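Here's a short set of exercises to work through with the model open in your viewer. Try each task before reading the solution beneath it.

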Amino acid sequence: MSATSLARCSPIYYSCDACKCVSSSQNHQTSENRNLVTNRRFAKPNRLVLHNRSKKLNDPSLTRALREFADSGLMEDALHLFDEMNKADVFVWNVMIKGFTTCGLYHEALRLYRRMVFTGIKPDSFTFPFVIKSAAGASSLSQGKTVHAAVIKLGFDSDVYVCNSLISFYMKLGWAMDAEKVFDEMPERDVVSWNSIVYGFLAVGDGVRLLVMFKEMMRFGFEPDRFSIMSVLGACSHVDCLKMGKEIHCYAIRSGIEDVMVLTSVLDMYSRYSEVSYAERVFNGMSNRNIVAWNVMIGCYARNGRVVDAFLCFQKMSEEPDVITLINLLPACEEILEGRTVHGYATRRGFLPHVVLETALIDMYGESGKVKSAEIVFDRMGEKNLVSWNSMIAAYVQNGENYSALKLFQELWDGDSSSLVPDSTTFASILPAYAESLSLSEGRQLHAYVVKARYSSDTIVLNSLVHMYAMCGDLEDARKCFDQVVFKDVVSWNSIIMAYAVHGFGRISVCLFSEMITTSEVSPNKSTFASLLAACSISGLIDEGWEHFDSMKREYGIDPGIEHYVYMLDLIGRTGNLSSAKRFIEEMPVVPTARVWGSLLKASRNHNDITVAEFAAEQVLRIEHDNTGCYVLLLTMYSEAGRWEDVNRIKLLMKSQGVSKTTSCSTVVTRGRTHVFTNGDRSHVETNKIYDVLDIVSRMVEEEEDSYAHCVSKMRPETLLKKRGNSPRRHSVRLATCLGLISTETGRAVMVRNNTRICRRCHEFLEKASKVTRREIVVGDSKIFHHFSNGCCSCGNYW
Ligand SMILES: [Zn+2]
Ligand SMILES: [Zn+2]
């Protein structure tokens, strides 16, 4: 078979390493450019041999010339010569196979190997490593397995070189088990065997096995090479193994393997662990830095909130910034101006369109609250991947545009515009939107999608489901999802502790916290303590609250943030000791926010101290002049005290600030349908029935008409007239509850959502109603969930 006939029957396209052309084998290398290549790069091959076609068998000079062609990558010439030979020995075949493999012509190499076996030439230990390498290069598992069978049959399975190439082959194709089997059965191993298996586990992404193998390797006294070191550093970054990473860093220093690539891997490892000072030390110690090192350092600063350092590093760069530089820099853009500057720079430098950079821009705009700008980038993207979709959904959710988020998710799910399938990140991004839109039935539907898409055992997705169910009022299903999490992380624990907290079951939250500390290896973080203190404050667990607040810094080294102070203040407020609450605010090491003063306002409202309330309200309005809740609380307090002039003053103030009272409305879902009620609402189709039920229940709870009349008597006549339609007895939450009572099956809790803080009289009504109707009533208001059962509420009458 001549060279041309071999080529003709295999019109493959390949990329040739020798002349860097991509071409079919028919027209690969015209004689003209072949000469050019030959003259330029290889003066050595004796071209005379080509013309002096010797018919002698295995002329040593012929073999030598063939070898020179093959070594120089001139495989067509080599093949020509090869075909001239009448009888080639195994050495010549090996030279040819090696030549093709080295040139990246894997299929040609495999074809030649098959021809060799067909001709009856026995391959040897030099043949197999190259044939196996070609099978790996051609990504052909079947051909590789055939060769492996031949290796065993001919007894080369104890040859260390052959086995090493088999390990690399199986690892490259992702068959780690087969690679490990070859490795385990090797009678002796060299450093390459160890390095191959270590590098292989990185390639298949099995960081744990990699680290185990690496430790074994060191134990057997084999010196890892720089590639193994880089593999292990890469694995340490993914497998939560900082200690090992540090050990490897020390090893690299000790053995002097400290080139720029190894150091960049060390830098990257520290950066992934957010060990900024370690990363900085490595970076500053690097004598020459490549673009990757600069990018890693910038990314490390940006991700860890070291905004100024990130930008300084960017300015100091000795290399030209590339796309990765900007992608890493974008998370540092806290100010929208910086973000827009980076966007502008990217446009000017012609880095756009670039799918990853555009996605990073969406994230940046989403986080800076510029959801419209994010949308523009998203809509203009020519190519969108799943990450881009997820980022856009997250941008909507972060900015409270839940409807747009749900719409975009639906579009992605239906797959009209792409063939992409939602993944765990998509679900984790979209689930908070369902929690916010308070729609349990839609949330359940999404849960069904999650199961269908087989993400129902994914920790991140389950954590979001716990949050969604809790926020939609279904504590039972939240708990079910939590119990399903096999690998519970800190977010899983925080979510369930917070779930019980907002539902007023603080004791369970506290128990869950102890369970977390004692049974899991997860350490609590800032959010854990926020959830825990929320639980103590909502349920009035005063001693436990103080205990955990103190232990936070003492035992866990966590400095309390503003959210922790707010919950503690709520806790102090509960006791009614308003002066100690005020002192607590004064002694706080952080600047009080409106939420802090709001907590004091709530406490003074609950303990009817109008002077402190006025002081607190003043502070709130100084920070947030349009805080509706604050005005409403003041209004209620003044009108209850009959201070009508103050009522008018506040009303005028509200008008001048453009603040209007939020229309209170309650929703209840029955048989998959959502019903919305406003105060005194009569628009529902079953309105007569609802009012009849309300009357019956009201009579059953024997509402103290007298106390109401007492309240009314203090009102001015014109207010009285207006108030009748807006009487607490016709408040939306009661209407929704009554519909719930008649349309949900007995034994199930009635679930009502209310967009404002539930009023005192309705709270009292619902407590009694839960007793006389023997039903559990759950009302989620703007802050917490009230579980009314047998005449009591889970909030302990403080909300
Ligand atoms: Zn009410
Ligand atoms: Zn309550």
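**Exercise 1: an enclosed helix**

Just past the end of α8, S139 adopts a positive phi of about 50°. Helices here are DSSP runs of H or I with at least four residues, strands are runs of E with at least two, and both are numbered from the N terminus. A quick note on ground rules: this is a predicted model, where local features need pLDDT of at least 70, side-chain atom pairs count only at pLDDT 80 or more, and totals for chains, interfaces and linings use all residues. Residues are numbered from 1 along each chain as its sequence is written, chains are lettered from A and ligands numbered from 1 in the order in which they are written, and side-chain values use heavy atoms, with hydrogens and water left out.

*Task.* Work out which residues of α8 are buried and what they pack against.

*Solution.*
- Step 1: set the cut-offs. Buried is under 20% relative accessible area, exposed is over 50%, and partly exposed is in between, with a 1.4 Å probe and protein chains only.
- Step 2: list the hits. The buried residues of α8 are T127, F128, P129, V131, I132, S134, A135 and A136.
- Step 3: draw the conclusion. Eight of the eleven residues in α8 (residues 127–137) are buried, so the rest of the structure largely encloses this helix.
- Step 4: find the neighbours. With contact meaning heavy atoms within 4.5 Å, the buried residues pack against α6 (90–102), α7 (106–119), α9 (141–153) and α10 (160–172).

**Exercise 2: two zinc sites**

*Task.* Identify the donors of each zinc ion and their spacing along the chain.

*Solution.*
- Step 1: define a donor. Donors are N, O and S atoms within 2.8 Å of the metal (3.2 Å for Na, K and Ca); water is not among the atoms, so sites may look incomplete.
- Step 2: take ligand 1. This zinc ion is coordinated by H731 (ND1), C759 (SG) and C762 (SG), at 2.0 to 2.2 Å, and the donor spacing reads H-x27-C-x2-C.
- Step 3: place two of those donors. H731 sits in the loop between α42 (717–725) and α43 (732–743), while C759 sits in the loop between β5 (750–754) and α44 (760–772), so the pair ties together parts that are 28 residues apart in sequence. H731 is buried at 16% relative accessible area, and C759 is partly exposed at 24%.
- Step 4: take ligand 2. Its zinc ion is coordinated by H763 (NE2), H786 (ND1), C793 (SG) and C795 (SG), at 1.9 to 2.2 Å, with the spacing H-x22-H-x6-C-x1-C.
- Step 5: check the geometry of ligand 2. Four donors count as tetrahedral if all angles lie between 85 and 135 degrees; the angles here are 106 to 112°, which makes the arrangement tetrahedral.
- Step 6: check burial at ligand 2. H786 is buried at 0% relative accessibility, and C793 is buried at 10%.

**Exercise 3: R306 and T325**

*Task.* Describe the surroundings of R306 and T325.

*Solution.*
- Step 1: locate R306. You'll find R306 in the loop between α18 (291–303) and α19 (307–316), partly exposed at 30% relative accessibility.
- Step 2: list its contacts. Leaving out residues up to four places away in sequence, R306 touches V276, E280 and Y301.
- Step 3: look for polar pairs. A polar contact is a pair of N or O atoms within 3.5 Å; within protein, one must be able to donate a hydrogen and the other to accept it, and residues adjacent in sequence count only if both atoms are side-chain atoms. The side chains of R306 and E280 make one at 3.1 Å.
- Step 4: turn to T325. T325 belongs to helix α20 (residues 323–329) and is buried at 0% relative accessibility. Its contacts, again without residues up to four places away in sequence, are I291, N295, I298, F314 and M317.

**Exercise 4: backbone oddities**

*Task.* Which peptide bond is cis, and where are R454 and R774 found?

*Solution.*
- Step 1: check omega. The peptide bond from L352 to P353 is cis, with omega near 0°, and P353 is in the loop between α21 (336–348) and α22 (355–367).
- Step 2: check phi at R454. R454 isn't a glycine, yet its phi is positive at about 60°; it lies in the loop between α27 and α28 (459–471).
- Step 3: check phi at R774. R774 has a positive phi near 50° and lies in the loop between α44 and β6 (777–780).

Notes. Tetrahedral: all angles 85-135°; square planar, octahedral: opposite > 155°, others 65-115°.
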